[in-house]
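Reader: Hey, could you walk me through this one? I'm new to reading structures, so plain answers please.

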Amino acid sequence: MRASVILLLISSSSSIAQPSGPSEIHRMVRLNDSIFVDRFEIGVADWLEFMHDGDGTAPDPTVLKELPYAYLFAPASGEARSFRSFGVFTRFRIGVRSDSLRARSQRHKAEGYAHYPIAGISYEQALDYCAWRGDRYNEMLRAQGDTMFTVIYELPKAREMDALLTEADSTNGICPLFNYDCAPCQAQLKMGRRRAFVHPGKELTPVTGYAPDALGLYNLRGNAAELTASRGVAKGGSFMEPAGQCAQGWSQPYDKPEPWLGFRCIARVKAH
């Protein structure tokens, strides 16, 4: 099944050269010589890193009110405390109101929320993130003296997402691998609490939640539906969709930021 997915992706990207590019990219799964895909959905800490770098803007404030991690985006004015988290490139501090981190349980909750999928962002904001990430990664390559290729980050094409959303997602046939709207997922409260979930199958959960599929990708189905390069078209379904609508061939329309809508990136290697 993995081979068929890779062949589909190669055939859909024939214009991309096949250079001897990087053998791996941090937190990404290699699909062929030229294409990588994020192992996880883009998380809150990744987005805060983007904002701290001076380029990114916060999620839509109306939608943010519906998300459990809204306080991580509130200005930490007056007395504040902070905790360390990892973005895609660096470890950095996230400052929050002091009363949000007084207890150890509050700190653990905040650290957990930092690894929830970012939601409430627009198509344009996601494109800005991709451009920023590409600039940062290629700066690192040049600093290391590597000038043979460039890595371009993009939203995946809808057909690429469909190529990934195959039966390989269900290698063991156990529904609770995915956080979508079904009784077995919602019954996993004991497992969920061990992984810092609140209500598995009923709301967003950490990007590392459940188990990876056969390709090593987490939450490709369920959790947050994912933006594609086609504006207004998301794939993979969210925790709000039943299992069938998280599968290949289905899509989730949107016209504004939503609390169930996130994304992951595709990286394309281009030889000079």
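Author: Sure. Keep in mind that this is a predicted model. Let's begin with the rings: the structure holds 14 aromatic pairs.

Reader: Can you pick a pair with W47 in it? How do the two rings sit?

Author: W47 pairs with F263 in an edge-to-face way, with 6.2 Å centre to centre and 90 degrees between the planes.

Reader: Why would that pair tie together parts far along the chain?

Author: W47 belongs to helix α2, while F263 is in the loop between β9 (261-262) and β10, so the pair links parts that are 216 residues apart in sequence.

Reader: And is W47 buried or exposed?

Author: Buried: W47 has a relative accessible area of 0%. F263 is buried too, at 1%.

Reader: Okay, what about Y129 and W132, how are those rings arranged?

Author: Those two form a tilted pair, 5.5 Å centre to centre with 50 degrees between the planes. Both sit in helix α5, 3 residues apart, which is about one turn of the helix. Both are buried as well.

Reader: Which residues make up the aromatic cluster?

Author: One cluster is formed by W47, F50, F89, Y129, W132 and F263, so both pairs we talked about are in there.

Reader: What sits over the ring of F89?

Author: The charged end of R136 does, 4.7 Å from the centre of that ring.

Reader: Switching topic. How many residues are in the largest nonpolar core?

Author: It has 53 residues, and Y69, L72 and F263 have the most contacts inside it. Several elements give it two or more residues, among them α2 (44-52), α4 (104-113), β5 (149-154) and β10 (266-271). Helix α5 gives the most, with 7 residues.

Reader: Is there a general idea behind a core like that?

Author: Yes, in soluble globular proteins nonpolar side chains tend to be buried together.

Reader: What does Y69 touch, away from its own stretch of sequence?

Author: Leaving aside neighbours within four places in sequence, Y69 is in contact with V44, L64, Y113, Y116, P117, I118, A119 and L204. Apart from the big core there is another one, of 11 residues, including I35, L164, L165 and I266.

Reader: Back to α5 for a sec. Where is C130, and what is it in contact with?

Author: C130 lies in helix α5, which covers residues 123-143. Beyond its neighbours within four places, C130 contacts Y153, E154, L155 and C265. C130 is also buried, with a relative accessible area of 2%.

Reader: How far apart are C130 and A267 in space?

Author: They are 9.1 Å apart, C-alpha to C-alpha, though 137 residues separate them in sequence.

Reader: New one: where is N223?

Author: N223 is in the loop between α8 (189-194) and β6 (225-227).

Reader: Loop, huh. Is N223 buried or exposed?

Author: Buried, with a relative accessible area of 0%. A polar atom of the N223 side chain lies 2.9 Å from the backbone nitrogen of T205. N223 also touches other residues more than four places away in sequence, among them E41, N179, S238 and W260.

Reader: Last thing, what's the whole chain like? How many helices and strands?

Author: The protein chain has 8 helices and 10 strands. Of its 272 residues, 53% count as buried. About 12,200 Å² is exposed, and carbon and sulfur atoms supply 52% of that.

Note on methods: Residues numbered from 1 in each chain as written. Predicted model: local features only at pLDDT ≥ 70, side-chain atom pairs only at ≥ 80, totals over all residues. Heavy atoms only, no water. Helix = DSSP H or I, 4+ residues; strand = E, 2+ residues; numbered from the N terminus. Buried < 20%, exposed > 50% of the residue type's maximum accessible area, 1.4 Å probe, protein only. Polar contact = N/O pair within 3.5 Å; in protein donor to acceptor, adjacent residues only side chain to side chain. Contact = heavy atoms within 4.5 Å. Areas by Shrake-Rupley, 256 points an atom, 1.4 Å probe, with all protein chains shown as cover. Core = buried A, V, L, I, M, F, W, Y, C linked by side-chain atoms within 4.5 Å. Phe/Tyr/Trp six-rings, centres within 6.5 Å; stacked < 30°, edge-to-face > 60°. Lys NZ or Arg CZ within 6 Å of the ring centre and 35° of its normal.
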